[in-house]
Amino acid sequence: MIQKQQHSLLNKAEEACNLLRRHLKQDHVVRIISHNDADGISAAGVMCNAIAKEKGKFHVTIVPRLKDEVLSKFFKEKYKLFVFCDMGSANLKGIRRLKGDVIIADHHQTNPETTIPDNIIHVNPHLYGLDGTKDVSGSGVSYLTVRPMEYKNLAGLALVGAFGDMQYKNGFSGVNKMILDDGIESHNIEVRDDLKIANKTHEPLYKALSHTINPAIKGISGDEEGSVTFLEKIGISYRIKFTELGNEEKDILKEELVKINPEIFSSVYSIPTEIPELRNLEDYSNILDACGKNKKQGLGLSICIGDRDKSIKEAQDLVKSYSDDLMHGIEWISKEGSVVQDKIQYIYTEEKRKKRIMGTLSSIGLDLEILDPEKPVLAMSRMDNIIKVSGRTTSKMTEKGVNLGYALENASKSFNGSGGGHNIAAGAVIPYREMDNFLNLVDEIIRTQLNAS
């Protein structure tokens, strides 16, 4: 059954590819609109690279949300082909007003009952009974759309986006596994088992461990004192770098870390032909994520399409700044906790430094069990008269019936806001004055979801 569903998705992607090829043959400039997170930037990167290899031209805009006022600007443009990457599935009514042909390459939840106009080719796993939360990311759907062009060397970049959307836990599955196989077959991706410690080549061990958040290490991630205590307890110098450890010490470290979280020693994915800073897919993803969070989407995209000199240093500085903010944020939620309601919990900030990390902070808080993993977290950031909401929950809670994408979409609409996403991670924007009412309604929707399962 799964193979049949994947085959249907691939057929639709090939249909989109044929449309793209027709426009490229006519020398039309392809108008690309993509999301501003690591997955969206990767998705745009995959599309741009494929078009460039075909000697075509493109014009890219990367946006945080496809709001009506953003979409209305594209209505005035006279391009013959628009391509939406990692977004668009929730905006079919607006997109149908575009004058040219449209490809939507997205993986977010969509309403299968919405009529798709003749000028739109909609490539989305949810339309074929596949799960866009774990089976394939937005960059993966972009890759499927250009896959018939035989550019399998783009498989690595496609999985960079999957890392950005946290789809690598317990290995890749579904369509992501197919993309991985493409990458291995074309020698674009290598896989090996290793310790997944952040910055292990250039930071003292205690710092490297405390900055490791994927996977999270309870009592160590985000806690330099906890990291020092752990290393002293197992008899390893905390100031030494990982690369300076002897083989016996490395074995001891691995053994003790695996006791805390077995995922710390698992598959590491790399692009062997890349420069060292981008070779590890997860590091590459972190760089793009930091670019997106700092509103430097253009910097991230330039890295994806070939700038390997000027942009890397600036992007690495953003990663360090972002990582420092995360450490500060973990300390904050460790002290303050969350505001708990019946079925949900929330954290709230007006502080600029915290706003860009709230979604990631929610995920880490759940992983480290600083926040209650049995209650979805809504991270609320005030932006003048609106609230930006980032919702996160666990796989265990989605199995119990929680669907944050549905909850945030429906609750936000009730207060003239907008929202949506995946069952495990979603976002919304609402008026500040409605924050309490919104929280109460989301609490009620989640309670209904849990009771119905």
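## Aromatic pairs

Rings of Phe, Tyr and Trp (its six-membered ring) form a pair if their centres lie within 6.5 Å. By that rule, this predicted model holds six aromatic pairs. One of them brings together Y79 and F82: the ring centres are 6.2 Å apart and the planes meet at 80°, so the pair is edge-to-face. For that label the planes have to be over 60 degrees apart. The two partners can also be described by their accessibility: Y79 is partly exposed, at 23% relative accessibility, while F82 is buried, with a relative accessible area of 0%.

Which residues make up an aromatic cluster? F163, Y168, F172 and Y269 form one together.

## Salt bridges across the chain

Let us turn to charged side chains. Side chains of opposite charge can pair when their charged atoms come close. How many salt bridges are there? The count comes to 27.

A good one to start with joins D182 and R147, whose side chains meet with an N to O distance of 2.7 Å. This pair links distant parts of the chain, the two residues being 35 residues apart: D182 sits in helix 7 (residues 174–185), and R147 is in the loop between helix 5 (138–146) and helix 6 (155–164). D182 counts as buried, at 3% relative accessibility, whereas R147 is partly exposed at 23%. Both residues also take part in a wider arrangement, as R147, K152, D182 and E185 are linked in a network of salt bridges.

A second bridge joins E282 and K196, with 4.0 Å from N to O. Here too the pair links distant parts of the chain, 86 residues apart: E282 belongs to helix 12 (residues 281–293), and K196 to the loop between strand 6 (190–195) and helix 8 (205–210). Are these partners buried or exposed? Both E282 and K196 are buried.

## A salt bridge within one helix

The side chains of K413 and E409 meet in a salt bridge of 3.1 Å, N to O. Both residues lie in helix 18 (residues 404–413), four residues apart, which is about one turn of the helix. An α-helix has 3.6 residues a turn, so residues three or four places apart point the same way. K413 is exposed, at 54% relative accessibility, and E409 is partly exposed, at 29%.

## A buried acid without a salt bridge

E434 is found in the loop between strand 13 (425–431) and helix 19 (435–452). What is the nearest side chain of opposite charge to this buried residue? That side chain is R433, 4.1 Å away, and E434 has no salt bridge. The cut-off for a salt bridge is 4 Å. The side chain of E434 does have a polar contact, of 3.0 Å, with the side chain of N437.

## Helix 14 and its end

Helix 14 covers residues 310–336, and its length can be checked: at 1.5 Å a residue, its 27 residues should span 39 Å, and the end C-alpha atoms are 40 Å apart, which agrees. The residue that follows helix 14 is G337, which has a positive phi, near 70°.

Within helix 14 we find L326, a buried residue with a relative accessible area of 3%. Its C-alpha atom is separated by 7.6 Å from that of G222, although L326 and G222 are 104 residues apart along the chain.

## Helix 1 and a distant partner

Helix 1 (residues 2–25) contains E14, which is partly exposed at 38% relative accessibility. Along the chain, E14 and M149 are 135 residues apart, and their C-alpha atoms are separated by 9.4 Å.

## Cysteines

How many disulfides does a search of the whole structure find? The result is zero. Why does C17 not pair with C85? The sulfur of C85 is the closest cysteine sulfur to that of C17, but the distance is 13 Å, too far for a bond; a disulfide needs the two sulfur atoms within 2.5 Å. C291 is in no disulfide either, and the nearest cysteine sulfur, in C304, is 8.6 Å away. C17 is buried, with a relative accessible area of 0%, and C291 also counts as buried at 0%.

Conventions: Residues numbered from 1 in each chain as written. Heavy atoms only, no water. Buried < 20%, exposed > 50% of the residue type's maximum accessible area, 1.4 Å probe, protein only. Lys, Arg positive; Asp, Glu negative; His and termini not counted. Polar contact = N/O pair within 3.5 Å; in protein donor to acceptor, adjacent residues only side chain to side chain. Expected span 1.5 Å × (residues − 1). Phe/Tyr/Trp six-rings, centres within 6.5 Å; stacked < 30°, edge-to-face > 60°.
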